[in-house]
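Let's work through a structure by asking how each label is earned. Have a look at it first.

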There are 2 protein chains.
Amino acid sequence: MDFFFTPRGVAVIGATASTEKTGYSILHNLIQGYAGAIYPVNPRYAEIRGLKCYPTVVEVPDPVDLAIVFVPAEAVRQVVEDCARRGIPGVMIQSAGFAETGEHGRRLQEALVAIRSRTGIRIWGPNCMGLVDTRKRYVFSFVLPSIWDQDLVSGRVSLVVQSGLLAAGFLIDLMTAGRMGIAKACSIGNKADVNECDLMEYLIADPDTGAVALYLESIVDGRRFLELCRRCEKPIVVLKGGRSAAGARAALSHTASLAGDGALLSGVFAQAGVIEATDFTQMMDLAQVLALYPAGAARRPPRVGVLTFSGAAGIVAADFIERHGLEVAELSADSRAALQQVFPDWMPVSSPVDLWPAIELNGPARVYGEALAAVMNDPGVDIVFMHLFVGGRWGGVDFEALTQLARKAGKPLVCWFLGEQAEARRFELEARAADVPVFREIGRAVECMAALARRGEHAAREDRLRPAAEPAEFAAQAGRLLAAAGGGVLDEHRAKQVLSTAGIPVVDEVNAETPAAARAAAERLGFPVVLKGIAPGRVHKTELNLVRLGVNSLQAVEKTFAELCDLLPAGGEVLVQRQVPAGLELIAGFLRDPQFGPCVMIGAGGVLAEVAADRVFAAAPLDPQEALDLLARLKMQRLLDGYRGAPPVDRRVLADLLVNLGRLGAAFPQIREIDINPLIVKSGRPVAVDAAIVLRAS
Amino acid sequence: MDFFFTPRGVAVIGATASTEKTGYSILHNLIQGYAGAIYPVNPRYAEIRGLKCYPTVVEVPDPVDLAIVFVPAEAVRQVVEDCARRGIPGVMIQSAGFAETGEHGRRLQEALVAIRSRTGIRIWGPNCMGLVDTRKRYVFSFVLPSIWDQDLVSGRVSLVVQSGLLAAGFLIDLMTAGRMGIAKACSIGNKADVNECDLMEYLIADPDTGAVALYLESIVDGRRFLELCRRCEKPIVVLKGGRSAAGARAALSHTASLAGDGALLSGVFAQAGVIEATDFTQMMDLAQVLALYPAGAARRPPRVGVLTFSGAAGIVAADFIERHGLEVAELSADSRAALQQVFPDWMPVSSPVDLWPAIELNGPARVYGEALAAVMNDPGVDIVFMHLFVGGRWGGVDFEALTQLARKAGKPLVCWFLGEQAEARRFELEARAADVPVFREIGRAVECMAALARRGEHAAREDRLRPAAEPAEFAAQAGRLLAAAGGGVLDEHRAKQVLSTAGIPVVDEVNAETPAAARAAAERLGFPVVLKGIAPGRVHKTELNLVRLGVNSLQAVEKTFAELCDLLPAGGEVLVQRQVPAGLELIAGFLRDPQFGPCVMIGAGGVLAEVAADRVFAAAPLDPQEALDLLARLKMQRLLDGYRGAPPVDRRVLADLLVNLGRLGAAFPQIREIDINPLIVKSGRPVAVDAAIVLRAS
């Protein structure tokens with residue numbers, strides 16, 4: 001991909017001398033910052049801005065690595081053909097009028113993809129804003145030239161955005177604000193060829209990039225994306241647009257219906273260490289802090305030392321810290337003694353540390369210096385949250401000295417400030433120069449600290465074993481059962497047979513063909529038993545009155561057997577099942593997500609599911625540690641730990657069940673969805689009491 | 001309180017000519033904006049800034065309504081005595097060194113309160129920053145004089161803050177930013193006398209104030225505060241600092257322990273129509289939007305028409321709209337036809353409305369004008385959310401014309417924008433001049449729309465009946481039972497007898513003194529029964545093995561009775577109870593909150609409570625409609641509506657139970673807490689199965 005980022009020569013196809021036009025902006029932007037050879041291409045000019053202009057790209061001399069294309073959509077195909085023939089490795093198509101405009105445009109775009117397949121030329125776009133590299137000052141884009149006229153501040157966050165206009169507008173907003181440090185901004189448009197994964201791979205290796213922030217509406221290859229994120233040492237922040245529409249897909253199983261509204265997305269992102277964002281500026285805030293402190297915060301939950309000039313700000317900060325699951329640090333006796341040196345006698349040191357009376361006594365420079373030194377060196381502090389006031393009588397805080405303290409201690413420093421606007425911008429630029437993240441809202445600052453905590457947790461997991469996905473031991477048997485089933489929905493009994501081959505504990509049961517077989521089964525299983533009628537192709541038995549609990553005698557078995565046979569259509573079967581006593585009711589499942597492929601789910605079942613949507617997802621197969629992490633993300637921790645004297649759930653066994661469920665589903669592409677519902681916990685161990693497997697139409 | 005806000009003359013006690021000192025800043029600020037007579041008081045000067053200076057306040061000529069005091073804490077008492085003797089109705093004490101500094105300061109402050117009680121003089125402060133009135137340009141404060149040097153933008157939000165420094169710093173920040181329109185800012189300091197309720201009463205009547213925003217760490221008289229809020233036609237926004245510490249109080253009942261972490265606070269605020277804030281700037285954002293649209297949004301949930309220049313921003317906006325429980329509007333055929341007039345042919349109109357291709361075709365001025373007209377007049381739209389880009393080729397949107405459209409339609413218009421920073425401030429000032437709220441983050445804009453929705457809901461409730469709190473019908477009987485109990489914790493049986501007098505349905509039970517009585521009771525109640533041992537003064541029976549469920553025969557009754565008698569200490573009793581079959585398990589309760597007085601609670605009980613903290617609070621007594629509103633705030637709506645074939649809960653009956661519980665608790669001051677746990681729903685009707693009443697130590 002180097003030819004896109006550091007080309008040895010750039011052709012601008014569709015360059016023009018009309019200063020109001022896009023084809024001019026692209027050329028102008030190139031001239032401003034790009035030091036290599038620039039070749040305008042347009043048959044209507046001999047020269048533009050002092051550069052020789054070529055009638056077609058074919059005439060352009062070597063070396064030329066990149067062609068930026070801005071000609072009408074109908075003309076793009078020929079241009080790309082020419083570029084490919086000319087041996088140019090990459091084209092960046094900034095023209096619109098392709099798949100985003102409907103059927104005709106879609107065909108134009110498909111023609112480009114065909115050229116890509118045939119010739120190997122890489123295509124960035126179409127309908128994109130290209131690339132801005134703030135370090136090299138390369139602008140391969142028609143983005144407004146004015147951004148260079150203001151004091152642009154470079155940084156370590158690289159941006160990948162699937163939104164042409166937003167790329168431009170947002171970039172201008174960010175860059176002219178001076179607060180956000182961007183390294184590279186890539187607008188990927190319709191992603192006909194080059195997509196977010198290609199760019200992520202490049203950016204992960206890019207020394208100028210400290211963190212990657214992505215705005216995406218779709219993910220072309222979800223598995224590759226997750227794999228890149230999970231192995232990446234740089235923090236990844238993703239704002240996924242269109243979460244609310246996610247529930248629209250048809251779902252046959254509970255598992256699939258529960259995957260909507262972003263639960264699956266959040267699950268696989270958490271598993272891969274991706275930090276999720278919800279808004280544009282917030283995404284940049286998160287990425288900026290993570291780029292500065294890529295290792296996150298070591299301890300979980302991190303203990304935050306709060307230094308403030310206002311008791312109220314300290315209180316509000318503490319409320320946010322608790323809301324985000326972090327802790328306000330308890331300060332050591334040493335720290336308290338050091339702080340007391342600058343405090344007035346009447347004022348005890350508490351945490352959050354209110355510095356105001358000390359500042360009145362000793363001035364801000366001395367107080368902030370000594371307080372930060374004390375708190376940064378406190379072994380009970382993992383992150384320092386410092387509040388500052390900017391302007392007025394309040395000058396004199398030496399930023400560079402403060403950040404050196406932080407760097408020496410190796411702990412993240414995050415600041416919030418209030419102040420006079422006239423001073424604020426200067427202050428923000430100073431802070432940026434010193435690599436200190438500063439925020440205007442306490443809530444946002446703490447949100448970023450919470451992201452540092454999640455990042456730290458993910459980093460701690462890195463060395464873990466990858467899943468030993470070896471389904472050999474069950475593949476043959478499960479394969480035979482699935483093949484016998486053909487297609488459609490596997491009934492409860494057959495579904496549990498398949499689950500059983502994968503090592504998933506299922507309730508003891510017998511498919512009884514005669515009343516005598518039913519009686520024998522009941523005697524062997526012990527009373528009470530459950531009788532269920534299995535109607536071929538029907539998943540919901542309860543609604544059909546085909547489930548009979550608490551069958552307590554041989555006579556009752558016989559009577560119930562007869563009743564069920566009457567209700568059942570031809571081909572129906574009767575199951576006699578051990579009755580699992582009431583216990584913690586869970587639901588577990590598997591599905592194949594169109595974006596992320598095989599995933600498993602575990603959640604609260606039955607009546608519990610009606611109080612709170614307590615369910616979590618992960619990409620499968622997953623390893624036992626990932627399965628334990630998944631369980632730790634459930635809300636019902638106290639129920640798992642044993643409630644009102646119940647034995648705690650054996651998390652290791654439950655985790656293994658999820659590992660096996662994921663392996664099974666992943667191993668057989670014909671499996672579309674699996675429901676285990678309910679999965680009842682009995683003496684701390686989960687048992688699949690009912691199940692269904694949905695197969696792809698074969 | 002007029003003498004504080006529009007005094008006919010102001011004495012500045014502690015005025016000085018040293019320009020670096022606070023006593024100078026106060027005087028300087030007064031001279032800058034206050035047109036009435038100003039009287040510096042300081043025995044060391046004959047004149048300051050051309051004003052005659054008086055040795056003490058006693059010599060100051062009439063009229064003088066207000067004394068601003070900035071002398072050392074030790075000297076304040078004498079000054080206030082002098083003011084009272086002089087007949088000055090109000091003093092504003094800006095000196096620090098009182099209760100905030102410890103025991104000695106607390107005594108100094110108490111002395112001031114004593115003067116207030118004796119003489120009737122009103123005291124604002126001490127340890128406060130006083131008052132800033134941006135309309136009159138009165139600054140009765142030592143806040144940095146520089147705020148007047150920048151372009152201050154007045155507005156309709158009045159601020160009451162319990163934080164001296166934050167008042168100053170935050171005010172300077174807001175005012176110099178120019179985005180936030182403040183009417184009055186009141187810093188109330190230690191609240192020795194004048195408190196948030198006094199100021200709220202004044203501001204509610206103040207024609208310059210459209211909404212009140214308060215930062216409070218304590219609320220002096222919670223009931224008066226709630227009553228002011230609930231009757232007030234102006235929106236009230238409260239940021240309550242110190243939520244996370246709220247759980248610290250000793251709790252004997254479940255109800256009281258569940259009141260922590262802000263659940264009670266959120267409950268009584270919701271009941272009173274208060275909008276809760278979590279951060280300083282966010283509080284101002286909320287208040288600003290509510291001041292512009294005090295009636296909120298009429299429909300619930302409001303339907304938001306989104307006009308955007310970016311598909312991505314539209315998608316992110318839709319995600320936030322769904323997350324906050326609002327809806328993206330479906331546009332009418334008329335609106336779509338009108339929009340299609342400015343759209344290119346190839347582009348269909350969808351919602352959110354992406355205007356970008358239309359803007360490219362027809363320019364922003366025409367497109368925004370026509371699009372806003374169409375969407376504002378659409379009967380299916382309740383709020384319009386408009387996205388704008390500022391700067392560059394994008395000028396030409398006529399704000400005044402747009403807002404006139406909005407005003408004519410009578411619907412809230414909220415804007416989000418991106419743009420070049422150089423243009424942004426001018427844009428924000430223009431928007432403010434046209435009374436259009438503009439935001440830099442989509443999430444914050446939608447949060448404010450959600451507040452409009454809550455406000456609209458509260459406004460719709462206004463005409464409702466106040467509670468007919470007439471406890472006469474049960475007072476005598478309950479009073480006798482409570483008097484007989486004396487103090488401590490009422491046991492289950494006696495607690496339920498008291499509840500029963502208040503019309504709360506309780507489980508049928510008998511206090512059986514002999515085995516024969518127990519057998520007779522069991523026969524009458526019908527098997528199975530429950531036997532419970534009641535140990536005097538012990539609330540937790542399960543842990544003592546004193547609860548026996550499913551007692552199924554006369555022999556079993558006799559045997560269990562004997563076992564319980566063995567376990568019980570002297571004075572123990574045995575209850576025989578009808579066994580209520582398993583059903584929806586709730587918990588209801590009552591407590592006396594130190595700040596807000598009598599409150600009731602309803603929530604998920606048993607195992608449900610372990611999945612999610614599903615509990616809601618309201619101030620008691622409450623009327624039946626308030627009780628229904630309270631039930632509507634529970635998460636478990638689907639369980640209340642009947643789950644898996646269970647009959648729905650009779651909400652009217654459950655609401656009446658809460659009304660009666662609140663009346664009972666409120667009527668008897670000796671009741672500290674009541675637990676009904678579990679409250680089981682049986683055939684749709686709630687029954688108190690176990691209960692306890694905690695009385696105040698008598």
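Q: What turn and shift lay chain B on chain A?
A: This is a predicted model, and in it a turn of 180° with a shift of 0.1 Å along the axis puts chain B on chain A, with an RMSD of 0.1 Å.

Q: Why is that called the relation of a two-fold axis?
A: Start with the general idea: two copies of a chain are related by a rotation about an axis and a shift along it. Here the turn is 180° and the shift is 0.1 Å, and that is the relation of a two-fold axis.

Q: How do you know which surface serves both copies?
A: Check the contact residues: 100% of those in chain B recur in chain A, and the same surface serves both copies.

Q: What does one chain look like in numbers, taking chain A?
A: Chain A has 25 helices and 31 strands. Its C-alpha trace spans about 100 × 80 × 35 Å along the principal axes. Of its 698 residues, 59% are buried. Now take the contacts in chain A with a separation of 6 or more: 72% of them link residues 24 or more positions apart.

Q: What makes B:Ile172 count as buried or exposed?
A: The cut-off for buried is under 20% relative accessible area. B:Ile172 has 3%, so it is buried. You'll find B:Ile172 in helix α5 of chain B, residues 164–177. Its C-alpha atom is 8.0 Å from that of B:Val143, although the two residues are 29 apart along the chain.

Q: Which residues have the most contacts inside the largest nonpolar core?
A: They are A:Leu159, A:Phe385, B:Leu159 and B:Phe385, in a core of 304 residues. To see what surrounds one of them, skip the neighbours within four places in sequence: B:Phe385 still touches a list of residues including B:Val304, B:Leu307, B:Trp416, B:Ile442 and B:Met449. There's also a second, separate core of 100 residues, and among its members are A:Leu482, B:Val600, B:Leu630 and B:Leu658.

Q: How do you know which strands are the edges of the sheet β22-β25-β23-β24 in chain B?
A: An edge strand pairs on one side only, and in chain B that fits β22 (509–512) and β24 (547–551). The sheet is open, with four strands and antiparallel pairing. From one strand to the next the twist averages 20°. Looking at one pair, β22(B) and β25(B) (residues 573–578) are antiparallel over four bridges, and B:Val510 has B:Val576 as its bridge partner in β25(B).

Q: What pairing does the seven-strand open sheet of chain A have?
A: The pairing is mixed, and the strand order is β9-β8-β11-β10-β12-β13-β14. In chain A, β9 (138–140) and β14 (275–277) each pair on one side only, which is what marks the edges. The twist here averages 15° from one strand to the next. One parallel pair is β13(A) (residues 236–240) with β14(A), held over three bridges. There, A:Val237 stands opposite A:Ile275.

Q: Why is strand β26 of chain B called largely enclosed by the rest of the structure?
A: Count its residues: nine of the 10 in β26(B) (584–593) are buried, so the strand is largely enclosed.

Q: Which strands does β26(B) pair with?
A: Seven bridges join β26(B) to β29(B) (residues 671–682), running antiparallel, with B:Leu591 opposite B:Glu673. Eight bridges join β26(B) to β27(B) (residues 597–604), also antiparallel, and B:Ala588 faces B:Ile602 there. With three residues between them, β26(B) and β27(B) form a hairpin.

Q: Why are helices α3 and α4 of chain B called roughly parallel?
A: Two packed helices are described by the angle between their axes and the distance between the axes. For α3(B) (residues 73–86) and α4(B) (residues 103–119), the axes come within 10 Å and cross at roughly 5°. Angles under 35 degrees count as roughly parallel, so α3(B) is roughly parallel to α4(B). Residues making the contact include B:Val76, B:Val80 and B:Ala84 of α3(B), along with B:Leu108, B:Leu112 and B:Ile115 of α4(B).

Terms used
Residues numbered from 1 in each chain as written. Chains lettered and ligands numbered in written order. Predicted model: local features only at pLDDT ≥ 70, side-chain atom pairs only at ≥ 80, totals over all residues. Heavy atoms only, no water. Least-squares fit on C-alpha atoms with pLDDT ≥ 70 in both. Contact = heavy atoms within 4.5 Å. Pairing = 2+ DSSP bridges. Helix = DSSP H or I, 4+ residues; strand = E, 2+ residues; numbered from the N terminus. Axes fitted to C-alpha atoms, helices over the stretch in contact; angles between N-to-C directions. Buried < 20%, exposed > 50% of the residue type's maximum accessible area, 1.4 Å probe, protein only. Core = buried A, V, L, I, M, F, W, Y, C linked by side-chain atoms within 4.5 Å. Parallel < 35°, antiparallel > 145°, perpendicular 65-115°, else oblique.
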